[in-house]
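Reader: Could you take me through one part of this structure in detail, namely the ligand and the pocket around it? I would like a connected account that I can follow with the model open.

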Amino acid sequence: MSNQPEQNAWRPQKPRGQLIVYSGPSGVGKGTLLRPLVAEHRDIVMSVSATTRAPRPEERDGVDYHFVTREQFERFIADGEMLEYAEYNGNYYGTPRRFVSEQLDLGRNVVLEIEVKGAMQVKKACPSAVLVFVMPPSYNELRERLINRHTESEEQIKKRLEVAVEEIRQFHEYDFVVINDNLEDARDRLLCAIRAGRLVTRFHENLIEEVLELC
Ligand code: 5GP
């Protein structure tokens, strides 16, 4: 029998990935900021949400969202398959639990692009999640962006702006704020926030307490 130490036994296990909650008012440009980062950095992946909202012309099922009926969505909820969910402007939106936990186990950083009510559920259920909020540079700019993307009716834009104000009021629940004033700069800041997630004080409490106990 070999008395060689077990190979690699000394190596620390690959750390679990970081869960990143990513919110901001509708029209602020969350997807435009995030998509190139996901394409460029293989350790960052986006969760694909389920929704009962109708697909927009350019959206693909299974890529942008899993588009489902209200009955299907309610079954997912009943079966405990949703990590979080919320109703937003009359439609359900939610994060399927399985993909997120599989990816975290593989050491990938998983971004949930979700509205504030769902974000607060994740904050409670997963205290190790990092929360990032994207802000428009001004209210007028947000309104212009929603109007110019031509995906919603005037009535829907009005509702989205009302929800936006309510969401912005809760910015203090988030660890980081990224102002989307200039795409390139905002993207750099978003990547910094994702990377800095591992440094947030509350994730190091156990280690620091252990060190202090030995002092
Ligand atoms: P939209 O209809 O513009 O695609 O999304 C409307 C809002 O729902 C956005 O703020 C978006 O971030 C949020 N949203 C998308 N997916 C989810 C989800 O899985 N859960 C929750 N709570 N919100 C989501």
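Author: What follows is a description of the ligand site, and then of the pocket that holds the ligand.

This is a predicted model, in which local features need pLDDT of at least 70 and side-chain atom pairs count only at pLDDT 80 or more, while totals for chains, interfaces and linings use all residues. Residues are numbered from 1 along each chain as its sequence is written, and side-chain values use heavy atoms, with hydrogens and water left out.

The ligand is surrounded by 16 residues, a residue being counted when one of its heavy atoms lies within 4 Å of the molecule; the closest are Ser49, Arg53, Tyr65, Tyr93 and Glu115. By class, this shell holds five nonpolar, four polar and seven charged residues, where Ala, Val, Leu, Ile, Met, Phe, Trp, Tyr, Cys and Pro count as nonpolar, Asp, Glu, Lys and Arg as charged, and the others, Gly among them, as polar.

Three side chains place an N or O atom within the 3.5 Å limit for a polar contact, which is a pair of N or O atoms. Tyr65 has a side-chain N or O atom 2.6 Å from an oxygen atom of the ligand, and a polar side-chain atom of Arg56 lies 3.0 Å from a ligand oxygen atom. Glu115 instead faces a nitrogen atom of the ligand, with a side-chain N or O atom at 2.6 Å. The protein covers 95% of the 510 Å² of accessible area that the ligand has on its own, as given by the Shrake-Rupley method with a 1.4 Å probe.

The ligand sits in the largest pocket, which is to say that more than half of its atoms lie within 2 Å of the pocket's grid points. Strand S5 (82–88) and strand S6 (91–96) are the elements that give two or more residues to the shell around the ligand, strands being DSSP runs (E) of at least two residues and helices runs (H or I) of at least four.

The largest pocket has a volume of about 1100 Å³, and of its 38 lining residues the closest to the centre are Gly31, Arg35, Arg56, Tyr65 and Glu113. At least two lining residues come from each of helix H1 (30–40), S5, S6 and helix H6 (154–168). The lining divides into 12 nonpolar, 11 polar and 15 charged residues. A pocket here is an open set of points on a 1 Å grid where a 1.4 Å probe fits, with protein on both sides within 12 Å along at least five of seven lines, and lining residues have an atom within 4 Å of a point.

Conventions
Polar contact = N/O pair within 3.5 Å; in protein donor to acceptor, adjacent residues only side chain to side chain. Points joined across faces, edges and corners; volume = space filled by probe spheres on them.
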